[in-house]
Structures are given as structure tokens and as C-alpha cells.
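Trainee: I'm new to this one, so could we go through it together? I'll ask, and you walk me through the reasoning.

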Amino acid sequence: MDLHFGDSKPTDDERAAVDALLGAPESSWEGADRSDADLRWARGGREARDRRDLLLPGLHAINDRIGWISEGALDYLCRRLTVPPADAYGVATFYAMFSVKPRPATVLHVCTDLACAAAGAPGLCAGIEARLGPGSGVSVERSPCLGLCERAPAALAIKAGDPVRTAVSAPATVEAAVLAASAPDSAPEEPPAAMAVPQAGDPSLTLLRRVGAVDPSSLDDYRAHGGYTALRRAFALGPAGVIREVTDSGLVGRGGAAFPTGRKWQATASQPDRPHYLVCNADESEPGTFKDRVIMEGDPYALVEAMTIAAYATGAHRGYVYLRGEYPRAIHRMQHAVDQARARGLLGDDVLGQGYAFDIEIRRGAGAYICGEETALFNSIEGYRGEPRSKPPFPVEKGLFGRPTVENNVETLVNVLPILTMGAPAYAAIGTGRSTGPKLFCVSGSVDRPGIYELPFGATLGELLDAAGVRERLRAVLLGGAAGGFVRPDERDIPLTFEGTREAGTTLGSGVVMAFDDTVPLPRLLLRIAEFFRDESCGQCVPCRVGTVRQEEALHRIAERTGAAAADDIALLREVGRAMRDASICGLGQTAWNAVESAIDRLGAYE
Amino acid sequence: MTVTPLGIPRRLLEFTIDGEPVRAPEGSTILDACRAAGKDVPTLCQGDTLTPKNACRVCVVEVEGSRTLVPACSRRAEPGMEVRTDTERARHSRKIVLELLASSVDLSTTPQVAEWIKEYEAKPDRFGPDAARLNEEPKVDNDLYVRDYDKCILCYKCVDACGDQWQNTFAISVSGRGFDARIAVEHDAPLTDSACVYCGNCIEVCPTGALSFKSEFDMRAAGTWDRSAQTETTTVCAYCGVGCNLTLHVQDNEIVKVTSPHDNPVTHGNLCIKGRFGYQHVQNRD
């Protein structure tokens, strides 16, 4: 590849940040000073290009150290990886957490999404912006959902340096957020993950059993609480046996699409093309969702063990966890767990002495909701813009690096542990006939005890809301997040199962249950949802790229209108929404209009 | 004599389009089959020399059993498929896509789009006078061609032609995200600071006239561009021994732009800077 580079040079810091990730360059072909040998020997080629997937980690390395990505730094990274600078620029500008323009070393992300907006985010933002104006050394950015809904309103400070420092302020006050941004090291520590689990300690829990009970940094503690019994059973059953158990258990994907997990595993395992890959989708960005964060923070070894089982069953020897960039503590805990497991022979060339090789690599997202779409996530790992691919071919056939790939959500994977320890029939007995097992629900908003709740499928919405202590004057409940749908307060009898919500004309999605009272005007919430999708559309296809903008404009126009004055714009919303649902490439565009439509049809917004 | 390789014989698949049985060679797309059956499906981002990106979604059709509409340009035909090209549902999506594009992008130089807007009764004005537009100024930073991104529908064809599908120069990419996504070189620099080699293969594939010869851009600005007064003459480039075909577009005895036939089995419409832009000496009469 004959690449063209500009004259910009990296600073010593930028060079050091990249070299810390990739090692020192070996020749001038990779960006070192030119030596005589370089004139006789061309290096690079396929071997260098094959490292393209390190582009995103490289951009993180620069952004973590400096706070933004300069021309010189980007050029140097491109030289190291033999990536065209225009391509890398396209990737760097795709992600919300990166900046290609100079900015202060500290960025304070203040969540303005649904739960936080209802908890006073607009006032918080204004207060923070008044305190941290230009010259304060902090860049304040309004952010989509940070996945801290149980402690709304939330703010996340990231201070670039070596090492990068982060601090979470939630529930945030102006004072606390400013402290987190100006001195992340001295900000008070986050409460333990178990604080997000109001049922913690309840012996009937299955998935959340260990959250709060085990030390998330201790592998021994995990084993003392029943860890790694499922993997032993998996080795006893063999790959086909594991897939049979998972199929018989009736487990379906918990990320929102509810695809049967056993079928996905079987389809991948039977592909002759090698290698196979396992990808854990931990890019939990659906507004209102925070269950995966709590699992990874509170019980990280469970995910490591579950991934090992999934990989063993599907013939993969390499697994990736694609973890949200906005989850610093989950990243830290997961990395620690993977390192410990490797050191103890539970990952590596010979897992548990069974002659099976498997290892896990953690990749950080960088602020893009669309990267939770399975094929966009592949592109993101591979170092391309996180744009969805067209299907077919499906991931089980051509996924990560063009190879057969199993991609599962965090919650789906950890469900495999009880399936193997209790056996498929016992697991399938939990829940209803068509939705089996326990399910995690992320309850937030107008409730006294927000957090993650574990209930068997089949509990009703009312039971869940009562458990969480729903407050008076409930106006609406959002199921499934921004891509989900609103239901009325009187629809408490909706069974929380995939089939039950479908029959009720709504969706379970990823398990978001967000309660809203009448303090926040509904049109304001709908506008925030439309803004979210406009910001998060990748821009690849026309219905979503322009449609989300037109919908937001229409919702702006009718924010203060009702009845006949809003009718024309509602008709417009419906027409555009229908084309987005029918003709968008991926699920983002196809579902972007769902919540607003449900608010109009079910709640009578604008009537 | 040019010999076109025929490849191995391909199996014929049987399926239906709008209820009529059709047969198409294995590997063909629904669009190939539609065109072979004489049915018109509008396309914008599809290019005859490029892998379909299916980004514009104007070619969507209904396929029995599919939850969403499918892009005819990239979905491969399967035996037994039931394709319907002209249902209310497909026409609705096409209409909305045309409205969304026409309300945000300058489509004045996009061939055929005016006919489609009429055919599908699209009303781009319905989004009101405040509807967001791209609002880009033409980038005139070199003597050879102009990038007028106010006319860009983001079809990705120029990026694909510049990248691994043809030119392997990788001078441009999509940058930004969503409605703010734009085609750009690194750091949004002028073309003259980029890796561009001025082969003009991006102009060859641009469906909207966002990329155009400087000569065409200037003549359009001056109001002297007259398509009907132009002749097209296909000849052989004299610069090197490859022998690429050039189609010279001539108006008033001046070459105003150069294209290359896409069906040429060697070059598929691609040229280098010399063939594309090196014609000034022909009309130097001093």
C-alpha cells in the first residue's frame, strides 16, 4: 500500500502513547528514523495491514494520554499500522469520545438522557457549565445515557494523562461533578455494584446470586461461591452436549432480539470455515440499560467462565469482549478478571488442563450506540467505522474478520452457567413455556428503589413496579429503552415475557423499565429520544440519516401543540417512520420511531 | 481482438417478480433480474462497476417472508423467491427516500431524479422551509475537479472507487457521523494536501454531479453548459501502451470532460490523471 502522509509530526507524548500499545517501531517503514537497512528492505505489507484492528485501541491510547487526536498523532498511528490517514480520520471522527480538535485534558460527560433528564439533568448541566466555563480546563459535554440510571443524574469525568483518570459522580450535584472533573483522584469512590441490586442477598436469585456476595477481584472467592463448576460440567458434556443443553433450556438472546441461543451456537459450530470467533456484546448503550455493567462490576469472573463455555461449544479459541467506553470500572474489573484467569490456567493454551485453548481480549468502545448492532460491532473491532453490514451473510457464517462468529450479550452468556449447573430441564422450568429462565430488569425513573431486578419470566409489570416502589402520579412506563415502547400506568397486567409483551403490542427489548411521573412533559421526553437517534445514526442509509433529522424537526414543531395543530406533523412522523422501519439497513433505523409512535398511539401524547 | 472471459456456466434460478416467473443466473441480484425482465427499479448508489453498498435504499422491493423491504441492488436472487417491485409499501419507501434526499441535498444535476420525484409523487417541500440541509460550499482547491458536497447523497461510490475496489489510493473516506457525515480527506484538508492522484475515477462513478470536472463546473456556473450541444467520441488514449478507451465530450469544438466506457473489459471505466485530464494540448491552438 503506497500511503501518503502529511508533514505533521507527533509530539513525544503522542509517540510514547502509541509505542506503549504497539511497541517501538522496528524500521522507518513503521515510523522510526531511517537507517541504511531501510533502504534495502521494504517492510510492512500484509503483516502490517493485518494489525488494522489495533486502530481503535491506538486512537484510545492517544486520546487517553493527550485528550484529543492531533494530525501528527493520527499520522504516526497510521504509519505504525499501515492504515490510510483518510480512513483513520473517518474512524476517529465516528466516535463521540474522540476529538480531532484541541480540547482540554479533562472531559466531563453529563448525562442528559431520559432517566437523568427526569432527575434534573438540565439544571445540573446549566450549573456545571456556569462553573466550568472556557478556561477552566474542563470540557463539559452533554452525553447520551451513561448507564448509571439507578443513580440519576449522572456525570463521568475523564482526565487524560498517564495513566488516564476517571471519576463517576452519581447522583451528581454541581459541587460533586465539578470536584470529579477537577480532581478525579480525590473524588469519593463509587458505591459497590451491589448497591444497584435492591434484592442483593436474596437466596432465590440465580444470575445476581454472587453480586455483593463475592469479592469481584478474587478468583478464589468466585470459586468458593460455585464458580467454574459449570465449565467442568461443560468439559464433561463435550461441545455438542453443551449446545444440546443450551438448546433444550430454551435460552434466547437477552440483548433485545430474542434469538434462540442454542440455534446460533449450533449454526456457528457447524461451519467448516476456521477460525471461529466468540464476541461478547458488552456495548450496553440502550438508554435505561445498566444490567451488563452491574454483572461485569459485581461478578466479572462469571462472564469469563460463561465465555469460555460458549467458545468451547462453538469451536472458538479467541473471544472478544466489546465493552462500552463509558464503563471505566467494568473495564477495569473485567481486565483484572481476565488477567487472573489467565494466570491461573483458566484461560490460555490449556484451559483447566483439558487441552482446550481459549483466550479473551477486551476491546473498548468509544461512544457509539450503533456499535451495539452486531455487525457494526465487528467493523468497530476490525478498525473500520462502526457501520452495520448488510445481512445476509449472517455473522454465524461471516462475522468478525469474515469468519463464523457467535455474538452474545453479557446477560445471555451468564445464563449459560445456571443452565449447566442445574441442567436444562430445571432451567426451562423457570419462567413461562416460551420465555424460560430468569430475566434481569433495569428499573429506573420515578421509583423509590431503582436498580437491577431479577425475576422469572412471567412476572407482571405491576409486580415489578411494586417491588421497585413505584411513586404516585405515574404517567407512563417505557419498556425496552429508546428503541422500545411506552405503556400506560393502567397496563400493569402485561406479563414480562417476550410473547406477552408482543401480544400487548409492545416489546421487552433489553429489559428496561423506566417509570415517568407527570413532572416531565411527555413531548420533552419524546424530543430527547428523537435527538438521541439523530445523534447516534451512523449516517450510512438515507431513511435513518435524514429521517431521524426530519422526525426531530417535526417533534420540535409540535412540542407545545396538541390536537389539530399537531395533526399534520404527526401524519408526517408516521409516514417517515414507516419508511425508516421498512427500508433502513439495521435495527437502529428500523426501531428509532417505535417509542414516539407508542407514545402517540398508547398514551395519547399531543391529544 | 478483445476476448471477454465467460467464466464457468451458471445455474439458472427460478423465482417470480411481480407474479411472473423469471430465470436468472445464480449469483445475480434481484436488480439484475428485474432489469433483464424489463422492469425498472430506480437506483442511485448502485454502480455497474462497484460492489453494491445499498446505502440509498431507493431500490427497495418487497420479498415474501422478509420482515423489512430488501435492497434489490445487493440482495441475491434465491430459488422460489417471490419479489414484488411495485407494491404500495415499496413505493412509499421510495417516495420518502426521494423526499428526504431532495429536501436535504441539491439534486439539480442528478440524472433521472426529477422523473422519479414526479412518478412517486414525492413532495420534498413538505418538511417546511426550516428543514435542515447539507449547506456545503463547493470545494474548489485544484485546477482539475471540484467537490460540491451540497450535491452529495453519501452513496460511498467515490470512496469505494478510490479505495480497494479500483484505485487503491485511499485518499478519501466518510468522516463524521449521521447527518453530519461527509466525504473528506484526512483532517478535512484541501485535496492538494491529500493522497489524491487525480485519476478522476471518483468523478466517473459519482451519481449526482457532486464531483465534476472544473471545466464543467465553470461552464455550469457561467450558464454555458449545454448537454444537447455535446458530442461524445470514444477513442484510445495515446499516452502509454495500455490503450485505455477515452470518451471525449466535446462542446463547441472544445473537450469539456472525459469519461471512459464502463463495459471496457480491461479498465472498467477507470483512467489515470493523463487520460482523464491531460487533453489541454489537443485544444491549444497558439
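Trainee: Let's start with the layout: how many Å separate the centres of domain 1 of chain A and domain 4 of chain A, taken over C-alpha atoms?

Mentor: Keep in mind that this is a predicted model. The domain assignment of chain A gives five entries, with domain 1 covering 12–92 and domain 4 covering 430–517. Between the C-alpha centres of those two, the separation is 48 Å.

Trainee: And what radius of gyration does chain A have, next to what a compact globule would give?

Mentor: The C-alpha atoms of chain A fill a box of roughly 80 × 60 × 50 Å along the principal axes. A compact globule of 607 residues would come out near 25 Å, and chain A agrees with that, because its radius of gyration is 24 Å.

Trainee: What percentage of the residues in chain A is buried?

Mentor: Picture a chain with 26 helices and 13 strands. Among its contacts with a separation of 6 or more, 71% join residues 24 or more positions apart. Of the 607 residues in chain A, the buried part is 58%.

Trainee: Which helix of chain A gives the most to the largest nonpolar core?

Mentor: That core has 280 residues, and those with the most contacts inside it include Leu303(A), Ile309(A) and Ala310(A). Take Ala310(A): leaving aside neighbours within four places in sequence, its contacts include Trp265(A), Leu278(A) and Val416(A). The element that gives the most, with 11 residues at 300–314, is helix 14.

Trainee: Now the contact between the chains: which helix supplies the largest share of the side of chain A that touches chain B?

Mentor: The contact takes 38 residues from chain A and 39 residues from chain B. On the chain A side, helices 6, 22, 23 and 24 each supply at least two residues. The largest share is 8 residues, and it comes from helix 23. By class, that side has 17 nonpolar, 10 polar and 11 charged residues, so to give the name you asked for: helix 23 of chain A.

Trainee: Helix 6 came up there; which strands of chain B help cover its buried residues?

Mentor: Helix 6 of chain A is mostly covered, with 8 of its 8 residues buried. Among them are Asp87(A) and Tyr89(A). The cover includes helix 4 and helix 5 of chain A, together with two strands of chain B: strand 7 (173–175) and strand 8 (182–184).

Trainee: How far apart do the C-alpha centres of domain 1 and domain 2 of chain B lie?

Mentor: The assignment for chain B gives domain 1 at 1–130 and domain 2 at 145–283. They touch, with 18 residues of domain 1 in contact with 19 residues of domain 2. Their centres lie apart by 25 Å.

Trainee: Is Glu121(B) exposed or buried?

Mentor: Glu121(B) sits in the loop between helix 3 and strand 6 of chain B. Its phi is positive, about 55 degrees, although it is not a glycine. Because Glu121(B) has 10 C-beta neighbours inside 10 Å, it counts as exposed.

Trainee: Last one: which proline follows Asp162(A) through a cis peptide bond?

Mentor: Look in the loop between strand 3 and strand 4 of chain A. The bond there has omega near 0 degrees, and the residue after Asp162(A) is Pro163(A).

Definitions and conventions. Residues numbered from 1 in each chain as written. Chains lettered and ligands numbered in written order. Predicted model: local features only at pLDDT ≥ 70, side-chain atom pairs only at ≥ 80, totals over all residues. Core = buried A, V, L, I, M, F, W, Y, C linked by C-beta atoms within 7 Å. Buried ≥ 20, exposed ≤ 12 C-beta atoms within 10 Å, placed from the backbone. Helix = DSSP H or I, 4+ residues; strand = E, 2+ residues; numbered from the N terminus. Contact = placed C-beta atoms within 7 Å. Nonpolar A, V, L, I, M, F, W, Y, C, P; charged D, E, K, R; others polar. Domains from an automatic or database assignment. Rg over C-alpha atoms; globule rule 2.2 N^0.38 Å.
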